[in-house]
Amino acid sequence: MTTIGIIGAGEIGTHVAIATIKLGYNVVIANSRGPETLKSLVAQLGSSARAATAAEAAEAGDFAVVAVALKRENTMPVNELAGKIVLDTNNYMIWRDGHYPEIDSGAKTVYEMRQEQLPTSKVVQAFTHIQAPRILTAARPAGDPRRIAVPISSNFPDAIALVAELLDRIGFDTVNNSPLSEAWRSAPGQPAWVALNHQTKPELIANLAQARRLT
Ligand SMILES: NC(=O)c1ccc[n+]([C@@H]2O[C@H](COP(=O)([O-])OP(=O)(O)OC[C@H]3O[C@@H](n4cnc5c(N)ncnc54)[C@H](OP(=O)(O)O)[C@@H]3O)[C@@H](O)[C@H]2O)c1
């Protein structure tokens, strides 16, 4: 797999692009306003990056990253993402997104909602528990005692395997908190969220185990 389609060219999409280009990937990156608005970003990212529409980025990627908050109205290119592993960086932020009663009640996680919007893709929660610039500054080689861990979650083991390897190569440990229905354990307000950016793998495992339903 050599090309990543990145939908969302804001803080997290840009930092995922930088980190994966460093690993040797090509990236095709999109925002909502069109590729012509991404000229200066692509110039900064270098020759391994090009700008495209979201549908083109989805189509070009061997796998994709959706670095866009979930919305009720599904604006993601469902057909172009079909059959692909899709990394979802979204966090459920009530101050930004408003309330989703099905999430608040515990009936669904925000990643199950993304999976419902992308029924023919393999959604994985990824890059949610690291502030964007720290994708670059907090990366450490395997075995470094300061290496931090991030949760990943999916209904698809092959998607977990791909993302665990990708994050390991970037410089992070992972804890598999699958399936997507378990992702409430890492949601805002839970211990794994409070310790964002700082938890080692044993600490993240303990924090996920200590999660309690908030409703
Ligand atoms: N920032 C962080 O440190 C961080 C860390 C972990 C997770 N996250 C999560 O990652 C997601 C993105 O956060 P962010 O901080 O990167 O947001 P951001 O800086 O506001 O960027 C959002 C990007 O999404 C694009 N976008 C919006 N709707 C789109 C659509 N329909 N099609 C294509 N692109 C679209 C925007 O394009 P336009 O500008 O053209 O509208 C923009 O490039 C959020 O869910 C956030 O909770 C963020």
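Does tryptophan 95 count as buried or exposed, and what is the relative accessibility behind that label? Tryptophan 95 counts as exposed because its relative accessibility is 70%. Here buried means under 20% relative accessible area, exposed means over 50%, and partly exposed lies in between (1.4 Å probe, protein chains only).

The model is a predicted one: local features need pLDDT of at least 70, side-chain atom pairs count only at pLDDT 80 or more, and totals for chains, interfaces and linings use all residues. Residues are numbered from 1 along each chain as its sequence is written, and side-chain values use heavy atoms, with hydrogens and water left out.

Tryptophan 95 sits in helix α4 (residues 94-97). Helices (H or I, at least four residues) and strands (E, at least two) are DSSP runs, numbered from the N terminus. The C-alpha atom of tryptophan 95 is separated by 28 Å from that of isoleucine 18, and the two residues are 77 residues apart along the chain.

**Helix α10**

In helix α10 (residues 201-209), the residues Leu204, Asn207 and Leu208 are buried. They lie on the same side of α10 because they cover an arc of only 100° around the axis, where the arc is that of the directions from the helix axis to the C-beta atoms. The buried residues of α10 pack against β7 (149-154), β8 (173-176) and α9 (191-194), with contact meaning heavy atoms within 4.5 Å. Pro202 and Ala209 are exposed, on the face of α10 turned away from its buried side.

**Salt bridges**

Side chains of opposite charge can pair when their charged atoms come close. A salt bridge is a side-chain nitrogen of Lys or Arg within 4 Å of a carboxyl oxygen of Asp or Glu. By this rule the count is nine, including the three in the table.

| Pair | Closest N to O |
|---|---|
| Arginine 72 and glutamate 102 | 2.8 Å |
| Arginine 96 and aspartate 97 | 2.7 Å |
| Aspartate 173 and arginine 147 | 2.7 Å |

Arginine 72 lies in the loop between β4 (63-66) and β5 (85-88), and glutamate 102 in helix α5 (residues 101-104), so their salt bridge ties together parts that are 30 residues apart in sequence. Glutamate 102 counts as buried, at 18% relative accessibility. Arginine 96 is partly exposed, with a relative accessible area of 39%.

Aspartate 173 in strand β8 and arginine 147 in the loop between α7 (134-137) and β7 are 26 residues apart, and their pair links distant parts of the chain. Aspartate 173 is partly exposed, with a relative accessible area of 23%, whereas arginine 147 counts as buried at 3% relative accessibility. Salt bridges that share partners join Arg147, Asp168 and Asp173 into one network.
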